[in-house]
Amino acid sequence: MTSVLHGGGPAPCGAVPGPVEPGAPASAVPSLPVSGVFVALEGSPRGLGAAEAAGRRISHGTNDLPAFGRRRIWPRLAAQFADLFAVMLLAASAITFLSYGLEQPRDPATLQLAFAILAVVLLNAGIGFAQEYSAERTAQSLQAMVPRTCRVLRDGERQELPARDLVPGDLVVLEAGDAVPADCRLVEAQEAAVNNAALTGESDAVARVADAVPPGPLLEARNCVFMGTDLVAGTAKAVVFATGAGTEFGRLFRLTAAAPRQQTPLQRQVAAMARRVAGVALATGAVLFAVRVPSGQPFVDTFVFALGVMVALVPEGLPATLSVSLAIGVRRMARRHALVKQLLAVEALGSTSVVCTDKTGTLTQAEMTVVRLWADGAYHPLTGVGYAPVGEVADAGPVRELLRAAALCCDARLVPPSGPLGWRVLGDTTEGALLVAAAKAGVDTAVEEARSPRVAEHPFDSVRKLMSTVRREPDDTYAAYVKGAPLELLARCVAVDRNGTRTPLTDASRAEVVAAADELAGQGLRVLAVATRRVSGPRPALDDAESELTLRGLTGMYDPPRPEVRDAVDACRRAGIRIVMVTGDHPLTAEAVARRVGIVRAPDPTVVTGAALDALDDAGLDALLDGAGELLLCRVSPEHKMRVVTAFQQRGEVVAVTGDGANDAPALKHADIGVAMGASGTDVAREAAVMVLLDDSFASITTAVGLGRSVYRNIRKFLIYLFSHNIAELVPILAATFTRFPLVPITAVQILAIDLGSDVLPALALGAEPMEKDVMDRPPRPRHERLFSAGVMGRICFLGGIQALGVCAVFFWHIHASGIPATDFTKDTPAYREAITMVQAGIVVSQFFNALAVRTDRQSVFRAGLLSNPWLIGAGCVGIGLMAAISYAPPLQAVFDTAPLNATDWAVLAGFGALLLAAEEVRKWMVRLRRTSSKGEGR
Ligand code: ATP
């Protein structure tokens with residue numbers, strides 16, 4: 001949480017944050033020469049010592065920002081009363097209180113209703129507030145699960161640390177794709193560029209240098225990088241000069257208001273539906289009023305009644321139930337290693353129809369071992385597995401120079417076992433494998449590094465597919481060490497190493513190298529070529545360092561497939577989801593791996609390279625993506641990925657795409673579901689994605705799609721459940737009105753007791769239903785399918801219609817059986833009280849069966865397991881218990897005008913509920929029958 005160096009309060013953006021040391025202001029940091037930076041910031045080219053860093057952490061605090069977007073409680077609570085429903089209900093309550101005041105004689109029922117409506121508003125606000133608060137907490141805890149680490153030098157050793165442990169003076173090592181963890185001054189930069197969008201809004205990459213610049217505003221200093229921005233190209237080393245809240249970003253952060261909460265399309269659809277129902281409620285109230293007053297009902301009574309019906313029909317709790325259900329989905333996904341950063345992704349996941357996946361780490365374990373080499377015109381096997389440098393190389397002589405050159409072109413570091421951890425790689429696993437292979441061939445990388453120190457480098461990028469370092473050789477000459485994709489590197493070679501002599505490349509020897517690369521790739525190995533050349537000075541331009549090269553040989557590394565991926569791929573096939581592998585790797589490697597994990601089964605999949613993609617126009621690309629054939633895109637760059645994602649989307653597909661590098665960010669942002677890797681991905685990719693896989697595995701994407709589908713289904717279940725009983729509440733009232741029965745079959749307070757009492761818990765339990773087994777056995781939901789489709793509306797009417805018939809029957813049967821003429825009924829007639837109790841209990845009991853019925857839409861609930869959601873059974877029992885209390889407890893009888901029901905009454909209601917379940921089973925059976933016969937006809 002600390003600010004710059006040695007104190008000073010917060011300063012305005014870009015101004016002097018505080019003194020560097022007595023007499024040296026921090027604004028002077030950009031204009032210091034590199035050597036002066038270490039002195040002024042009390043750092044060292046070897047990084048801080050552990051003890052010094054620990055001391056500074058105590059005095060400066062952790063490199064954290066305060067929790068984001070915490071708004072104060074009261075304004076948030078007040079906001080709950082400002083939405084449309086709340087205002088409507090508050091107005092209704094005020095009018096009811098007024099009616100009570102004007103009534104002669106005053107009816108306590110009116111007062112009860114006024115209080116009941118007020119209680120509804122308070123309850124709703126409470127639920128909404130709690131829900132919003134818990135969603136925010138969930139978002140924060142998920143955020144905390146995304147790793148935020150950085151690399152630093154401490155005591156001369158490169159280490160990976162949680163970013164919060166950084167202190168001023170630390171020497172940070174940055175690579176393309178890293179989020180800048182604190183405000184830092186560069187002391188080394190190789191082709192470095194940052195994206196400052198988070199700070200300045202400027203989204204173009206801007207170059208960064210290490211040299212001193214003239215004094216000026218801090219944010220414009222070209223040799224500084226700031227927290228919240230990203231290094232998008234190159235590599236750099238930088239000394240931290242401000243951490244936590246003391247950074248420029250920290251200041252901006254304090255000024256930023258809470259991020260606006262966006263509604264997902266699903267939430268918008270439900271809110272729109274709720275508004276429509278509210279409109280119907282208003283209209284119904286008006287009709288009831290208009291019909292009942294001319295028929296001689298007292299004016300105020302009728303008004304209060306109509307108002308009560310309106311309030312009762314408004315689906316108040318619906319938006320909150322929806323958000324809870326989405327949030328449950330998010331939590332379930334997090335438990336299965338898929339962190340979803342936006343609720344929006346939960347529903348998009350459910351309709352994903354294409355997954356563009358990369359290979360290394362997602363389909364494979366990213367645990368590379370060099371198993372075969374090609375040097376000096378021959379293949380050389382290598383033994384040993386994993387990162388332990390234990391194994392043997394046949395003919396170590398010819399391959400030694402190849403592996404020495406490869407090792408001298410690596411940024412990664414091999415870390416010896418410590419504690420429970422075995423040999424590990426810090427950095428790129430491909431490079432780790434090369435270091436291990438070099439060690440097996442007897443190359444001591446540390447000694448070689450010391451003999452030929454690095455003086456410059458051209459970092460790897462996935463467009464060039466090459467990386468090079470420049471080193472000063474013991475004889476004071478300079479040499480470039482280059483490694484990269486075989487075809488890209490071969491194109492820059494003019495000679496090949498044969499028996500230690502430089503032999504010019506001929507067409508025949510080129511063909512021999514290509515054949516060797518194909519042979520290794522055909523075995524599913526990742527192939528890297530290695531080359532070297534003499535250069536004239538310590539800082540050759542990229543084209544000088546990476547041209548006229550001498551090829552040293554090829555390395556082939558094995559990366560075992562993840563065992564869980566095969567099942568996940570099968571699940572995608574069954575679910576109608578197309579998997580397209582998009583990789584920078586060699587076509588043969590890609591095909592071999594795709595076969596191993598089951599993505600490719602046909603003998604002749606379509607394999608297209610990036611160069612071939614470039615040759616296609618948009619119509620050609622569209623034709624390529626047409627159909628459901630097996631498609632592998634190889635040797636592609638992130639730009640190709642972006643183009644393919646866009647083309648799929650234009651075809652109406654919902655696309656999930658994985659990515660890990662900084663330049664994958666556009667494709668990740670553009671896709672419907674951008675998926676970044678939590679363990680191996682770059683910070684930039686993780687920021688751009690809406691989903692982060694904690695375990696990097698393809699299988700987690702499939703699981704998340706299944707959960708996304710199941711969330712959507714659950715939402716449909718509780719919508720059918722909630723809206724169908726509205727029909728059961730409304731129809732008896734309309735029936736009584738139009739048959740001119742003087743009283744109502746169910747009172748407004750009873751309806752409120754159902755809506756906010758017995759129905760709430762089952763709706764939540766439906767929203768939390770476990771994933772159905774067949775969820776991945778159907779094709780994806782069409783992109784533009786509406787939540788309230790004809791099918792859903794049909795089921796609402798079917799179930800609601802049966803419920804309505806049932807409750808009308810019990811009501812009028814009770815009235816009729818009493819033998820009292822309709823005009824003689826008053827509110828206190830015992831038969832009337834029994835009848836309205838039967839109506840309320842009828843709805844509650846039938847809702848219990850309805851909740852069971854809506855759990856499946858085609859399958860029989862008995863097959864799905866009638867009791868398999870214990871929460872639902874429990875919630876239904878609570879509802880029935882509440883109803884029993886309303887029927888038997890004298891204080892509640894007084895409030896609800898109810899009467900005790902007898903055993904026969906309950907038996908009748910249970911029979912009626914069972915009938916509803918049976919009718920729904922018949923409907924499902926007919927649907928299944930129709931589907932089987934239409935499949936038969938199709939055959
Ligand atoms: P994958 O789908 O396997 O994850 P990718 O799409 O991430 O691959 P890149 O990382 O862009 O592919 O790599 C493309 C090619 O560049 C690789 O096939 C390899 O030959 C080469 N390559 C990868 N890493 C390095 C590196 N560190 N140095 C040099 N060349 C590399």
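Student: Which of the 18 residues around the ligand come nearest?

Tutor: In this predicted model, the residues that come nearest to the ligand are Thr-360, Asp-428, Lys-483, Thr-583 and Gly-584, out of the 18 that surround it.

Student: Okay, and what does the side chain of Asp-428 do there, in terms of distance to a nitrogen atom of the ligand?

Tutor: An N or O atom in the side chain of Asp-428 is 2.9 Å from a nitrogen atom of the ligand.

Student: Which residues lie by an oxygen atom of the ligand, with a polar side-chain atom or a backbone N or O atom?

Tutor: Arg-526 places a polar side-chain atom 3.1 Å from an oxygen atom of the ligand, while for Val-527 a backbone N or O atom lies 3.3 Å from an oxygen atom of the ligand.

Student: How much of the ligand does the protein bury?

Tutor: The ligand taken alone exposes 630 Å², and the protein buries 91% of that area.

Student: Which elements give two or more residues to that shell?

Tutor: Those elements are β18 (478-484) and β21 (526-535), and β21 gives the most, with 3 residues.

Student: What's the make-up of the shell by class?

Tutor: The shell around the ligand has 8 charged residues, together with 5 polar and 5 nonpolar ones.

Student: Switching to domains, why does the ligand lie between domain 1 and domain 2?

Tutor: The ligand lies between them because domain 1 (339-363 + 562-696) and domain 2 (383-553) both give residues to the shell around it; the protein is also assigned a domain 3 (712-938).

Student: How far apart are the C-alpha centres of domain 1 and domain 2, and what is the area buried between them?

Tutor: Their C-alpha centres lie 29 Å apart, and the contact takes 16 residues from domain 1 and 12 residues from domain 2. The area buried between domain 1 and domain 2 is about 1,100 Å², with carbon and sulfur atoms giving 50% of it.

Note on methods
Residues are numbered from 1 along each chain as its sequence is written. This is a predicted model: local features need pLDDT of at least 70, side-chain atom pairs count only at pLDDT 80 or more; totals for chains, interfaces and linings use all residues. Side-chain values use heavy atoms; hydrogens and water are left out. A residue is near a molecule or strand if one of its heavy atoms lies within 4 Å of it. A polar contact is a pair of N or O atoms within 3.5 Å; within protein, one must be able to donate a hydrogen and the other to accept it, and residues adjacent in sequence count only if both atoms are side-chain atoms. Accessible areas come from the Shrake-Rupley method with a 1.4 Å probe; for residues, only the protein chains shown count as cover. Helices (H or I, at least four residues) and strands (E, at least two) are DSSP runs, numbered from the N terminus. Ala, Val, Leu, Ile, Met, Phe, Trp, Tyr, Cys and Pro count as nonpolar, Asp, Glu, Lys and Arg as charged, and the others, Gly among them, as polar. Domain bounds come from an automatic or database domain assignment. Contact means heavy atoms within 4.5 Å. Buried area is the accessible area (1.4 Å probe) that two parts lose on being put together, summed over both.
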